[in-house]
Amino acid sequence: MPHLDVYGQDHSPWVQTVLLGLHDKGISHTFTTVPPPSVFKKSGIMMPAASIDGGPWRLESAEILLQVGFDPVSREDMRAIYRAWNGVRHRTDHPLRFWHGFSLATDPHPSLLRRLRNHFLRSFATLYFYLLIRFGVIIGKQRDPESFADQFLFWEQRLTESTGSYLGGNEPDILDMMLFGIIQCHCSIPVPPLAALQEDAKLTRVRIWIGTMQERFADYGHLYSGVYFAPHSPPPIRTTPLEQTAFWFGSIFMLAVFPITVALIVFFAMRVARLRLNG
Ligand SMILES: N[C@@H](CCC(=O)N[C@@H](CS)C(=O)NCC(=O)O)C(=O)O
């Protein structure tokens with residue numbers, strides 16, 4: 001069995017995809033919320049990134065899971081996964097709620113000093129994502145649909161046609177990980193698609209599937225949806241007040257040196273855009 005080092009933050013659906021896949025297959029991994037210097041230099045705070053058995057760091061959740069035995073995803077399915085992410089721009093509707101949500105996300109480093117350093121530094125990513133979402137860089141200038149339920153109908157249909165409880169049949173596959181990752185993102189800072197998922201009469205099968213996934217991932221440390229869907233479970237463990245203080249100090253620092261942080265953000269956002277263009 002391989003061992004993976006994973007970098008990311010668990011509000012990201014793509015980081016969730018990787019963590020869910022590794023958890024489900026019982027693959028040993030470490031997790032850090034701050035990119036190693038070589039990753040930062042190459043792709044800024046783009047997440048997830050993973051190194052398998054100490055090898056080169058790779059981007060792309062589907063690519064990472066492919067390396068540990070998951071099947072590839074078709075273009076059509078990938079497009080439907082991205083459609084399900086619509087509404088994510090509402091994460092930044094309330095800036096304080098956005099920062100607060102990020103302040104609660106833990107970093108598992110065993111050393112307290114390293115954790116405090118990581119919380120201080122990862123506040124850079126919070127500002128980065130806030131600005132990129134706010135200005136439509138990451139997800140484009142999405143318009144709200146008439147009903148957020150519509151973006152899940154493709155998956156409702158696929159679940160109805162499935163021969164088992166999962167999109168993958170009797171066992172979950174990469175699509176289960178990706179769609180569940182999107183749902184964890186929608187729940188990590190609640191956005192309007194969440195209400196559609198909870199209430200819309202057209203999404204019965206999706207809700208049953210969320211419950212099934214939650215049962216399967218009951219001991220997974222990044223489960224945000226349990227607060228909103230049955231069977232209910234508490235939110236993931238939160239940062240301690242000391243860790244939150246380190247994060248808020250970091251946030252104030254990043255704002256205090258705004259011209260520098262913005263220059264860095266623009267630099268790395270352009271670098272990531274180029275990486276995306278070059279495939
Ligand atoms: N297709 C990529 C998407 C990764 C992605 O978009 N990650 C976001 C966080 S949710 C990111 O780091 N974006 C940085 C940027 O666009 O500059 C994957 O599946 O890994």
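Where is D53 found? In this predicted model, D53 lies in the loop between strand 3 and strand 4. Strand 3 and strand 4 form a hairpin, with four residues between them. D53 sits in the turn of that hairpin. D53 has a positive phi of about 50°, although D53 is not a glycine.

The hairpin belongs to an open sheet. Four strands form this sheet, in the order 2-1-3-4. The pairing is mixed. Strand 2 (29-32) and strand 4 (57-59) stand at the edges. Each has a single partner strand, so one side of each is left without a neighbour in the sheet. Neighbouring strands of the sheet are turned against each other by 25° on average, direction ignored.

The pairings can be followed strand by strand. Strands of a sheet pair through backbone hydrogen bonds, either parallel or antiparallel. Strand 1 (residues 4-7) and strand 3 (residues 49-52) run antiparallel. Four bridges join them. In this pair, L4 stands opposite I52 of strand 3. Y7 stands opposite A49, also in strand 3. A49 has a bridge partner in strand 4 as well, namely L59. Strand 3 and strand 4 pair in the antiparallel sense, over three bridges.

Strand 1 and strand 2 run parallel. Four bridges join these two strands. Here V6 stands opposite F31 of strand 2. The chain passes from strand 1 through helix 1 to strand 2. This β-α-β crossover is right-handed.

Helix 1 also packs on the sheet. Helix 1 covers residues 13-25 and touches strand 1, strand 2 and strand 3. The direction of helix 1 makes about 155° with that of strand 1.

Two peptide bonds that precede a proline are cis. The bond from M47 to P48 is cis, with omega near 0°. P48 has its place in the loop between helix 2 (37-43) and strand 3. A second cis peptide bond joins A230 and P231, where omega is about -10°. P231 is found in the loop between helix 10 (204-216) and helix 11 (241-256).

What are the domains into which the protein is divided? Domain 1 takes residues 1-70. Domain 2 is made of 73-87 + 144-234. Domain 3 is made of 88-143 + 240-279. The centres of domain 1 and domain 3 are separated by 18 Å, taken over C-alpha atoms. Eleven residues from domain 1 and 16 residues from domain 3 take part in the contact between these two domains. On the side of domain 1 that touches domain 3, four residues are nonpolar, six are polar and one is charged.

The ligand brings in residues of domain 1 and domain 3. Which domains each supply at least three residues to the shell around the ligand? Domain 1 (1-70) and domain 3 (88-143 + 240-279) both do. Twelve residues surround the ligand. Of these, S12, W14, M46, S61 and V272 come nearest. By class, the shell has nine nonpolar, two polar and one charged residues. Helices contribute to this shell: helix 3 (61-67) supplies at least two of its residues, and helix 12 (258-277) also supplies at least two.

Definitions and conventions
Residues numbered from 1 in each chain as written. Predicted model: local features only at pLDDT ≥ 70, side-chain atom pairs only at ≥ 80, totals over all residues. Pairing = 2+ DSSP bridges. Axes fitted to C-alpha atoms, helices over the stretch in contact; angles between N-to-C directions. Contact = placed C-beta atoms within 7 Å. Domains from an automatic or database assignment. Nonpolar A, V, L, I, M, F, W, Y, C, P; charged D, E, K, R; others polar. Near = placed C-beta within 6 Å. Right-handed = clockwise from strand over helix to strand, strands pointing away.
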